[in-house]
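Here's a quick tour of a model, for someone who likes to keep the viewer open while reading. Load it up and follow along.

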Amino acid sequence: MLSRLKMIATGFAAVAITTLAAIGPAEAANRDKAFFEGVQGQWTGPGEIVAGKYKGTKFTCTLAGSSDNNGSGMTLDGSCRVGIFKQPMKATIRSAGRTYKGKFLDGAEGKGLDIVSGNVTGQKIVVGITRAKLNGAMIARLQGKNTMTVTISVKVDNTMVPVIGMNLNRETDEIAVGSVD
């Protein structure tokens, strides 16, 4: 079970990293800042491993998103659970010149992943992840104010194969108010 969670953690790391697109630095920084700020808050939701040895394994994640004060990076911190097993999850990215660098858990030198590249386009981020011979990508898309979908893929030969999918919802403090007739 813990190895399943480690696989989830490895893929999730990619949510956090971006590099600047081939546009002006100020425009790119503002675009990236808007995305990072959109990830702030508490997120929960289900996921599933959709390929590989653990295909069909379902899990639930609870994550807190925060952005740097200057909008140059972000952190997602929390945990994912499979049955009674709980695995910490943490991804951090920071601006590094014209790109972003980061890590998931303790990085590729430990039990995690390095976040090495990426691009923000509107409400979507695509990031590169690596660990030893594993290369992959993660796509996180904000869909409206309170929904985020995440897909993690790994490179097999020359093909990107989706292995993990997640649907996260922002926890809100909004209370429905109505009347009784």
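## Around the barrel

Gln42 sits across from Ala64 of β2. This is a predicted model, in which local features need pLDDT of at least 70 and side-chain atom pairs count only at pLDDT 80 or more, while totals for chains, interfaces and linings use all residues. Residue numbers start from 1 along each chain as its sequence is written, and side-chain values use heavy atoms, with hydrogens and water left out.

The strands named here are DSSP runs (E, at least two residues; helices would be H or I, at least four), numbered from the N terminus. Two of them count as paired if DSSP finds at least two bridges between them.

So what do the strands build, and in what order? There are 10 strands, and they close into a barrel that reads β1-β2-β3-β4-β5-β6-β7-β8-β9-β10, with antiparallel pairing. From one strand to the next, the twist averages 25°; for angles like this, axes are lines fitted to C-alpha atoms (for helices over the stretch in contact), and values run from 0 to 180 degrees between N-to-C directions.

Strand β1 is a good place to park the camera. On one side, β1 runs antiparallel to β2, joined by eight bridges. β1 also pairs with β10, again in the antiparallel sense, over five bridges, and here Glu48 stands opposite Gly165 in β10. Elsewhere in the barrel, seven bridges hold the antiparallel pair β8 and β9, with Ala137 facing Ser153 in β9.

## One salt bridge

How many salt bridges does a search of the whole structure find? The answer is one, taking a salt bridge as a side-chain nitrogen of Lys or Arg within 4 Å of a carboxyl oxygen of Asp or Glu. The partners are Glu48 and Lys58, whose closest N and O atoms are 3.1 Å apart. They link distant parts of the chain, with Glu48 in strand β1 (residues 41–49) and Lys58 in strand β2, 10 residues apart. As a rule, side chains of opposite charge can pair when their charged atoms come close.

Accessibility is sorted into three classes: buried is under 20% relative accessible area, exposed is over 50%, and partly exposed is in between (1.4 Å probe, protein chains only). Glu48 has 27%, so it is partly exposed, whereas Lys58 counts as exposed because its value is 55%.

## Two buried leucines

Leu63 belongs to strand β2 (residues 58–67), and with a relative accessibility of 1% it is buried. Its C-alpha atom is 9.5 Å from that of Arg170, even though their positions lie 107 residues apart along the chain. Leu76 is in strand β3 (residues 73–82) and is also buried, at 1%. From Leu76 to Ala64 the C-alpha distance is 5.5 Å, for a sequence separation of 12 residues.

## Positive phi in two loops

Which residues other than glycine have a positive phi? Asp157 is one of them, with phi near 60°, and Ala132 has a positive phi of about 50°. Here they are together.

| Residue | Phi | Loop | Relative accessibility |
|---|---|---|---|
| Ala132 | about 50° | between β7 (124–131) and β8 (134–142) | 76%, exposed |
| Asp157 | near 60° | between β9 (147–156) and β10 (159–170) | 71%, exposed |

Ala132 is exposed because its relative accessibility is 76%, and Asp157 is exposed because its relative accessible area is 71%.
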